[in-house]
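Work through these exercises with the structure open beside you. Try each task before you read its solution.

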Amino acid sequence: MSAVKENGNLQQGPIIEVTDLHKQFGPHTVLDGVSLTAHTGDVVSLIGASGSGKSTLLRCLNMLEIPHRGKVCISGEEILLKTNRHGQTVPANPRQVDKIRTRLGMVFQNFNLWPHMTVLENIIEVPVRILKQPKAEAIAYAEALLEKVGMSAKRDAYPGFLSGGQQQRVAIARALATRPAVMLFDEPTSALDPELVGEVLKVIRDLAKEGCTMLLVTHEMSFAREVSSKVLFLHKGRIEESGTPEAVFTAPVSERCRQFVNAQQWKS
Ligand code: ADP
Ligand code: MG
């Protein structure tokens, strides 16, 4: 199959543009002024210690968490927020959030497939129910995606009968089914047994080669170095270092980034 066709990506500017994002949980500031940009075909990797805010940042992009301050634009469209009468920041238009979520293909650490649906049903659910695609068309595209992730043989299986690596490959196919403008991966291999990591990284590597735009949170440093166009090191809710993989992995300016990268490379 040729490069992934994108939904809602008709303009020329950045696909993701995050400006000065802030997020708190109670008194705890988790994102403290994060800005980042990703253009078509960029593979941006996000690295950093546990608790540095990586998952929260991804979750703020699709409004699974609502930022307190700052701006998120997806394919040039700003997600509009307002302050409600309780003083909380909330999306101004829930329909806009639904629409923008279909442009963001999210893949979580724990797969999160719907257990009561077959592999194929998992993949066609959002295209048919939310995007109102004709079922036959959604099935045809799902079958092409299953082929791409090497899971055609399990089309009619239930997730509980699949290995973690297989479930994650199905989760990637499901995320691709809405033809997202960008894929968001949150540590897609960290819940897997070591022998299953490779099959999932292969699928992500193939997507990168096809020019799929991605934001990838990962602890797989050598993989991040291989596939990324840009690497960001997050520390205590701020981007402390950013640059090409070569720059961040071999000559970081920040001492903390150098220590983190060295410690991670030592582990693997
Ligand atoms: P990372 O993905 O880099 O490990 P997270 O974004 O998950 O970091 O978490 C950053 C910080 O925010 C952590 O201290 C975490 O405990 C806290 N946090 C994350 N989600 C919540 C939540 N829903 N409620 C309260 N605190 C949270
Ligand atoms: Mg996380």
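**Exercise 1. Two helices side by side**

At what angle do helix H5 and helix H6 pack, and how many Å apart are their axes? The model is a predicted one.

Solution.
- Step 1. Find the helices: H5 covers residues 164-176 and H6 covers residues 194-210.
- Step 2. Read the geometry. The packing angle is about 20 degrees, and the axes are 8 Å apart.
- Step 3. Classify the pair. Angles under 35 degrees count as roughly parallel. H5 and H6 are therefore roughly parallel to each other.
- Step 4. Add the handedness. The crossing of H5 past H6 is right-handed.
- Step 5. List the residues that meet. H5 supplies Gly164, Gly165, Gln166, Gln168, Arg169, Ile172 and Leu176. H6 supplies Leu196, Glu199, Val200, Val203, Ile204 and Leu207.
- Step 6. Sort the residues of this H5 and H6 contact by class: seven are nonpolar, four polar and two charged.

**Exercise 2. A helix and what covers it**

Which residues of helix H3 are buried? Which helices are included in what covers them?

Solution.
- Step 1. Locate H3 at residues 119-129.
- Step 2. Pick out its buried residues. They are Val119, Leu120, Asn122, Ile123, Ile124, Glu125 and Pro127.
- Step 3. Look at the cover. It includes helix H4 (135-148) and H5.
- Step 4. Take H4 first. H3 and H4 pack at about 130 degrees, with axes 9 Å apart. That angle makes H3 oblique to H4. H3 passes H4 in a right-handed crossing.
- Step 5. Name the contact residues. From H3 come Val119, Leu120, Ile123, Ile124, Pro127 and Val128. From H4 come Lys135, Ala138, Ile139, Ala142, Glu143 and Leu146. By class, the contact of H3 with H4 has ten nonpolar residues, no polar ones and two charged ones.
- Step 6. Now take H5. The axes of H3 and H5 come within 8 Å and cross at roughly 25 degrees. H3 is therefore roughly parallel to H5. This crossing is right-handed.
- Step 7. Name these contact residues too. Val119, Asn122 and Ile123 of H3 meet Val170, Ala173 and Arg174 of H5. The classes in the contact of H3 with H5 are four nonpolar, one polar and one charged.

**Exercise 3. Build the sheet**

In what order do the four strands of the open sheet stand? Which strands are at the edges?

Solution.
- Step 1. Recall the principle. Strands of a sheet pair through backbone hydrogen bonds, either parallel or antiparallel.
- Step 2. Write the order: E2-E1-E4-E5, with antiparallel pairing. E2 and strand E5 (77-78) stand at the edges. Each has a single partner strand, so one side of each is left without a neighbour in the sheet.
- Step 3. Count the bridges. Eight join E1 to strand E2 (residues 28-38). Five join E1 to strand E4 (residues 69-74).
- Step 4. Follow Glu17 to its partners. Glu17 stands opposite Thr37 in E2. In E4, Glu17 has Cys73 as its bridge partner.
- Step 5. Inspect the turn. E1 and E2 form a hairpin with two residues between them. Gly26 in that turn has a positive phi of about 60 degrees.
- Step 6. Add the helix. Helix H1 (residues 54-61) lies across E1, E2 and E4. H1 runs at about 120 degrees to E1.

**Exercise 4. Two residues in strands**

Is Val18 buried or exposed? Is Ser45 buried or exposed?

Solution.
- Step 1. Place Val18 in strand E1 (residues 16-25).
- Step 2. Apply the cut-off. Buried means under 20% relative accessible area. Val18 has 2% relative accessibility, so Val18 counts as buried.
- Step 3. Find its contacts. Beyond neighbours within four places in sequence, Val18 is in contact with Val34, Ser35, Leu36, Leu61 and Lys71.
- Step 4. Compare sequence with space. Val18 and Ser35 are 17 residues apart in sequence. Their C-alpha atoms are 4.9 Å apart.
- Step 5. Turn to Ser45, in strand E3 (residues 43-47). Its relative accessibility is 0%, so Ser45 counts as buried.
- Step 6. List what Ser45 touches, not counting residues up to four places away in sequence: Leu216, Ala224, Ser228, Lys230, Val231 and Leu232.

Terms used:
Residues numbered from 1 in each chain as written. Chains lettered and ligands numbered in written order. Predicted model: local features only at pLDDT ≥ 70, side-chain atom pairs only at ≥ 80, totals over all residues. Heavy atoms only, no water. Axes fitted to C-alpha atoms, helices over the stretch in contact; angles between N-to-C directions. Parallel < 35°, antiparallel > 145°, perpendicular 65-115°, else oblique. Left-handed = near helix turned anticlockwise from the far one by under 90°. Contact = heavy atoms within 4.5 Å. Nonpolar A, V, L, I, M, F, W, Y, C, P; charged D, E, K, R; others polar. Buried < 20%, exposed > 50% of the residue type's maximum accessible area, 1.4 Å probe, protein only. Pairing = 2+ DSSP bridges.
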